[in-house]
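Visitor: Could you walk me through one part of this model up close? I'd like to hear about a single helix and what goes on around it.

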Amino acid sequence: MIARTFRAAAAAVVLGATAATAATVGQPAPAFTAQDVHGRTVSLADFKGTPVVLEWINPGCPFVRKHYDSANMQATQKDALAKGAVWLAINSTATTSRDHLSPAAMAQWMQQQGAAATATLMDTDGRIGRAYGARVTPHMYVIDAQGTLVYAGAIDSIPSARASDIARATNHVRQALAEVVAGQPVSTPTTQPYGCTIKYADG
């Protein structure tokens, strides 16, 4: 049953990877404002002059759980914060989806996981996700201090739901952010994202 779930999720990767994205690497990152899980208003403009990592998240996805259950996502978050970046986790799951979590439940899950995200944003109408062309969870983006989108794609180089693959994979987010902080161009600006298809609201 688990294997079938992973195969179904993997099939979603192909759909996500072939869809056109709205945001373009090398161009200004789309502006947005949303409520976080605590009801606070958060805008991308709040972090002008600071690198920002965007993580699309759905706790019901086995690929998300791979990176959280292994603490890989939390370690990547902490590494980003140590480099002076901001980390915004974004949940674009529609309220009609069985994977939907209320803001309170999402906040509790992140706390239980020991997540180090700066904020967790609710995007139930999907406007932010669609603006960025986010297709799967986790779909990752890195924005430099000048507000330019410099990376879009997978968290790492091995598209599987197996935690055992993490140690031998290249963490694209860590690599991109390290290059941004060092003032270098991102050597791998785009990769094929993998994960579970985002359950967007209709329309």
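**A close look at helix 2**

Guide: Happy to, and a little context helps before zooming in. Of the 203 residues in the chain, 51% count as buried. Keep in mind that this is a predicted model. The chain has 6 helices and 9 strands. Among contacts in the chain with a separation of 6 or more, 76% are between residues 24 or more positions apart.

Now for helix 2, which covers residues 62-69. Is helix 2 enclosed by the rest of the structure, or open? Largely enclosed, because 6 of its 8 residues are buried. If you want to pick them out on screen, the buried ones are P62, F63, V64, K66, H67 and Y68. Notice that a lysine, K66, is in that list.

Next, the partner. Helix 2 packs with helix 4, residues 103-113, and the two axes are 11 Å apart at an angle of about 40°. Angles under 35 degrees would count as roughly parallel, so at about 40° this pair is oblique instead. The crossing of helix 2 with helix 4 is right-handed. On the helix 2 side, V64, Y68 and D69 make the contact, and they meet W109, M110 and Q113 of helix 4. Sorted by class, that contact has 4 nonpolar residues, 1 polar and 1 charged. Two of the helix 2 residues involved, V64 and Y68, are also on the buried list. There's a bit of helix geometry worth recalling here: an α-helix has 3.6 residues a turn, so residues three or four places apart point the same way.

Two other residues of helix 2, F63 and K66, lead us to a different part of the chain, since both are in contact with S160. S160 sits in the loop between strand 8 (149-153) and helix 6 (172-181). Leaving aside sequence neighbours within four places, S160 is also in contact with D165 and Y194. Is S160 buried or exposed? Buried, because its relative accessible area is 6%, and the cut-off for that label is under 20%. The side chain of S160 also has a polar atom 3.1 Å from the backbone nitrogen of R162.

What comes after helix 2? A71 follows, and its phi is positive, near 70°. That's one to look at on a Ramachandran plot, as A71 is not a glycine. For background, most residues other than glycine have a negative phi, and most peptide bonds are trans. A71 belongs to the loop between helix 2 and helix 3. At 37% relative accessibility, A71 counts as partly exposed.

Past that loop we reach helix 3, residues 72-82, which packs with helix 6. Here the angle is about 5° and the axes are 10 Å apart. That makes helix 3 roughly parallel to helix 6. From helix 3 the contact uses A75, T76, D79 and A80, while helix 6 brings V173, R174 and L177. By class, the residues in this contact are 4 nonpolar, 1 polar and 2 charged.

While we're at helix 6, have a look at H172, which lies in it. H172 is buried, with a relative accessible area of 11%. Setting aside neighbours within four places in sequence, its contacts are Y151, A154, I155, D156, S157 and T191.

Going back to helix 4, A104 offers one more link. G39 and A104 are 65 residues apart in sequence, yet their C-alpha atoms are 9.6 Å apart in space. G39 is in the loop between strand 1 (33-36) and strand 2 (41-43), and it counts as partly exposed at 48% relative accessibility.

One last backbone detail, away from helix 2, goes with the phi of A71. The peptide bond from T137 to P138 is cis, with omega near 0°. P138 lies in the loop between strand 6 (136-137) and strand 7 (140-143).

To pull the picture together: helix 2 is largely enclosed, with 6 of its 8 residues buried. V64, Y68 and D69 face helix 4 in the contact, F63 and K66 are in contact with S160, and A71 follows the helix with its positive phi.

Technical notes:
Residues numbered from 1 in each chain as written. Predicted model: local features only at pLDDT ≥ 70, side-chain atom pairs only at ≥ 80, totals over all residues. Heavy atoms only, no water. Helix = DSSP H or I, 4+ residues; strand = E, 2+ residues; numbered from the N terminus. Buried < 20%, exposed > 50% of the residue type's maximum accessible area, 1.4 Å probe, protein only. Polar contact = N/O pair within 3.5 Å; in protein donor to acceptor, adjacent residues only side chain to side chain. Contact = heavy atoms within 4.5 Å. Axes fitted to C-alpha atoms, helices over the stretch in contact; angles between N-to-C directions. Parallel < 35°, antiparallel > 145°, perpendicular 65-115°, else oblique. Left-handed = near helix turned anticlockwise from the far one by under 90°. Nonpolar A, V, L, I, M, F, W, Y, C, P; charged D, E, K, R; others polar.
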